[in-house]
Amino acid sequence: MSDAETLLNVEDAPEDQEEPQLLPLDAWHRAHGGRMVPFAGYIMPVQYEGIMAEHLWVRESAGLFDVSHMGQLVLTGENVDRALEAVLPGDIQGLGVGRMRYSLLLNDEGGVLDDLMITRRASTDEDGTSSTELYMVVNGATKYDDIGHLLEALPDDITINLQDEQALLAVQGPKAVATVARLVPGVDSLVFMTAGAFAWNGTPLWVSRSGYTGEDGLEISVPAEVVAAFADALLEQPEIRPIGLGARDSLRLEAGLPLYGHDLDPETTPVMADLGFALAKKRREAADFAGAARILAERERGPAVKRVGLLVTGRQPVREGASVVDADGAVIGRVTSGGFAPTLGGAIAMAYVPTDLAAPGTGVRLVQRGKVHEAVVAAMPFVPHRYVRQGAQ
Amino acid sequence: MRYFTEDHEWIDVDGAIGTVGITDYAQGQLGDIVFVDVPAEGRQLAKGDEAAVVESVKAASDVYTPVSGTVLEGNAALADQPDLVNSDADGEGWFFRITLSDESELEELMDEGAYEAFVAKL
């Protein structure tokens with residue numbers, strides 16, 4: 001027996017990468033039975049008790065994810081919001097305090113350099129006057145390139161602080177918010193895509209009601225020196241179990257959420273990636289962001305290829321790298337993520353296909369290791385999102 | 001008598017008939033198994049050929065035949081219950097039965113003690 005493909009969706013580190021870094025919770029993961037693998041330049045837990053059990057636990061209760069490899073950036077400076085709009089197509093100037101948005105870092109060709117969350121939060125200037133700053137969470141594998149791109153793109157008086165002294169935890173699942181609220185009073189006052197400052201035992205936390213599993217939940221920025229004690233306190237709650245990268249990947253795939261470096265890269269535009277919601281109306285009308293001409297033309301006329309969801313016939317996973325072929329066997333697209341969906345009990349995938357094949361219900365053929373698999377284009381998410389929005393409480 | 005390969009297959013031999021599976025160590029390394037493709041009856045295999053595919057949530061792996069011969073049957077139960085390989089790799093989770101064409105090939109395989117020593121060093 002041998003691995004034909006090892007850890008397809010979780011092995012992200014390029015081979016020429018330097019020695020992987022250790023997370024602040026490295027010893028904690030090992031003590032809790034985490035199986036450690038390289039990912040995004042870090043050694044991270046791929047699973048604890050098993051991917052399937054962890055996945056299902058998040059869907060029914062709550063799971064604790066260590067996402068400290070991700071980049072937490074704080075951007076300050078006069079008109080930093082307006083400056084950022086040069087490279088993000090969202091309405092950053094219109095972002096209220098404590099509000100967050102999903103956005104995309106774009107190159108001049110409109111290609112996606114990263115996907116990210118951006119939040120406006122209150123701050124105090126050195127002279128004591130109240131101000132605001134922008135807090136961004138970017139992907140771990142791209143964070144240093146992102147900083148380089150932002151330094152190039154932004155005026156010199158904008159300051160970028162990589163908060164590498166902060167760990168980042170996600171608690172996701174239908175019982176996540178109520179459970180965390182026992183330890184961190186008040187977090188249940190947040191709704192989806194809002195954030196605020198809270199405290200645990202006197203330690204300041206930055207908490208947002210957000211995540212990347214499709215479930216309700218929180219993401220919590222916590223000082224690295226207390227993250228082990230905080231993670232212990234979370235795990236003492238019977239509703240919460242530790243969850244590895246494997247289940248994180250299958251959860252986000254079921255939720256229809258793209259993974260940077262797999263479903264998104266500099267060759268894809270927001271329109272190809274079906275992330276048009278990240279193009280704010282005001283920004284489309286102004287057409288003043290990187291790659292706007294190409295992106296808006298694509299939006300008008302339709303992209304050549306588009307990211308779609310696929311329900312694969314049968315149980316065999318069809319993974320990243322498989323081809324989409326036409327009736328003659330010619331390659332017309334490619335699978336960018338794929339695997340077994342524990343909630344659905346079948347195989348699902350994301351692929352880029354020609355736009356005329358992108359309508360839900362369209363049959364397509366996939367080829368993996370010489371074997372043909374039938375699949376049907378499906379609307380995403382595959383498993384409905386369960387976010388708790390404003391007014392829903 | 002049960003024999004083992006360095007690729008973590010086992011084969012139980014009864015006369016000229018062998019039953020092939022993967023070891024408990026192997027299933028533990030693979031994690032949750034969601035799909036198994038077993039060889040069809042009548043397929044001719046040479047020792048070391050790719051005989052089956054096992055897919056866990058995170059990876060696909062090939063299973064090689066430890067001996068040459070003709071496939072008698074694949075384990076049909078794995079189509080609906082691939083997780084039998086996780087729960088009972090040494091028994092109900094067997095992959096296929098094969099009629100051996102050259103019993104001397106068994107001499108190149110490990111016995112249980114040798115396999116345990118091999119795994120202990122991994």
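The exercises below work through the fold of chain A and two sites in chain B of a predicted model.

**Exercise 1. Overall form of chain A**

Task: Describe the secondary structure content of chain A and decide how its radius of gyration compares with the globule rule.

Solution:
- Step 1. Count the elements: chain A holds nine helices and 21 strands.
- Step 2. Compare sizes. For 393 residues the globule rule gives 21 Å, and the radius of gyration of chain A is 21 Å, so chain A is as compact as a globular protein of that length.
- Step 3. Add the outline. Along the principal axes, the C-alpha atoms of chain A occupy a box of roughly 70 × 50 × 45 Å.
- Step 4. Turn to the interior. Of the 393 residues in chain A, 50% are buried.
- Step 5. Check the range of contacts. Among contacts in chain A with a separation of 6 or more, 67% are between residues 24 or more positions apart.

**Exercise 2. The six-stranded sheet**

Task: Work out the strand order of the open sheet in chain A, its edges, and the helix that packs on it.

Solution:
- Step 1. Write the order. The six strands of chain A run 12-13-14-11-5-15, with mixed pairing.
- Step 2. Find the edges. Strand 12 (195–200) and strand 15 (240–242) of chain A each pair on one side only.
- Step 3. Note the twist, which averages 30° from one strand to the next.
- Step 4. Examine one pair. Strand 12 and strand 13 (residues 203–208) of chain A are antiparallel and joined by six bridges; within this pair, Ala199(A) has Pro204(A) as its bridge partner in strand 13.
- Step 5. Place the helix. Helix 2 of chain A packs on the sheet and touches strand 5, strand 11 (166–172) and strand 15 of chain A. The directions of helix 2 and strand 5 of chain A make an angle of about 120°.

**Exercise 3. The surroundings of helix 7**

Task: Explain why helix 7 of chain A is described as largely enclosed, and name elements that cover it.

Solution:
- Step 1. Apply the cut-off: a residue is buried when 20 or more other C-beta atoms lie within 10 Å of its own.
- Step 2. Count. Ten of the ten residues in helix 7 (residues 245–254) of chain A are buried, so the helix is largely enclosed by the rest of the structure. Among them are Leu245(A), Arg248(A), Asp249(A), Arg252(A) and Glu254(A).
- Step 3. Identify the cover. It includes helix 2 (51–60), strand 5 (62–66), strand 18 (331–341) and strand 19 (346–354) of chain A.
- Step 4. Look past the end of the helix. Just after helix 7 of chain A, Gly256(A) has a positive phi of about 75°.

**Exercise 4. Two domains and their contact**

Task: State the domain bounds in chain A and find which helix supplies the largest share of the side of domain 1 that touches domain 2.

Solution:
- Step 1. Take the bounds from the domain assignment: domain 1 of chain A is 21–65 + 168–254, and domain 2 is 304–393.
- Step 2. Give the separation. The centres of domain 1 and domain 2 of chain A, taken over C-alpha atoms, are 28 Å apart.
- Step 3. Count the contact. In chain A, 13 residues of domain 1 are in contact with 16 residues of domain 2.
- Step 4. Assign the elements. Helix 2 and helix 7 of chain A each supply at least two residues of the domain 1 side. The largest share, four residues, comes from helix 2 of chain A.

**Exercise 5. Strand 20 and its partners**

Task: Sort the side chains of strand 20 (residues 363–368) of chain A by face, then describe its pairing.

Solution:
- Step 1. Locate the annotated region. The unreviewed UniProt entry lists "domain: Aminomethyltransferase C-terminal" at residues 306–383 of chain A. This span is 0% helix and 56% strand, and its end C-alpha atoms lie 20 Å apart.
- Step 2. Recall the rule: side chains in a regular strand alternate between the two faces of the sheet.
- Step 3. Sort. Val364(A), Leu366(A) and Gln368(A) point to one face and are buried, whereas Gly363(A), Arg365(A) and Val367(A) point to the other and are not.
- Step 4. Pair on one hand with strand 17 (residues 323–325) of chain A, antiparallel over three bridges. Val324(A) stands opposite Leu366(A).
- Step 5. Pair also with strand 21 (residues 371–378) of chain A, antiparallel over six bridges. Gly363(A) stands opposite Val376(A).
- Step 6. Close the hairpin. Two residues lie between strand 20 and strand 21 of chain A, and Arg369(A) in the turn has a positive phi of about 50°.

**Exercise 6. Lys58(B) and Asp88(B)**

Task: Are Lys58(B) and Asp88(B) buried or partly exposed?

Solution:
- Step 1. Place Lys58(B) in the loop between strand 6 (50–56) and strand 7 (60–64) of chain B. The unreviewed UniProt entry annotates Lys58(B) as "modified residue: N6-lipoyllysine".
- Step 2. Classify Lys58(B): it has 30 C-beta neighbours inside 10 Å and therefore counts as buried.
- Step 3. Place Asp88(B) in the loop between helix 3 (84–87) and strand 9 (96–100) of chain B.
- Step 4. Classify Asp88(B): it has 14 C-beta neighbours inside 10 Å and so counts as partly exposed.

Notes: Residues numbered from 1 in each chain as written. Chains lettered and ligands numbered in written order. Predicted model: local features only at pLDDT ≥ 70, side-chain atom pairs only at ≥ 80, totals over all residues. UniProt positions renumbered as here; feature names shortened; annotations may be inferred. Rg over C-alpha atoms; globule rule 2.2 N^0.38 Å. Buried ≥ 20, exposed ≤ 12 C-beta atoms within 10 Å, placed from the backbone. Contact = placed C-beta atoms within 7 Å. Pairing = 2+ DSSP bridges. Axes fitted to C-alpha atoms, helices over the stretch in contact; angles between N-to-C directions. Domains from an automatic or database assignment.
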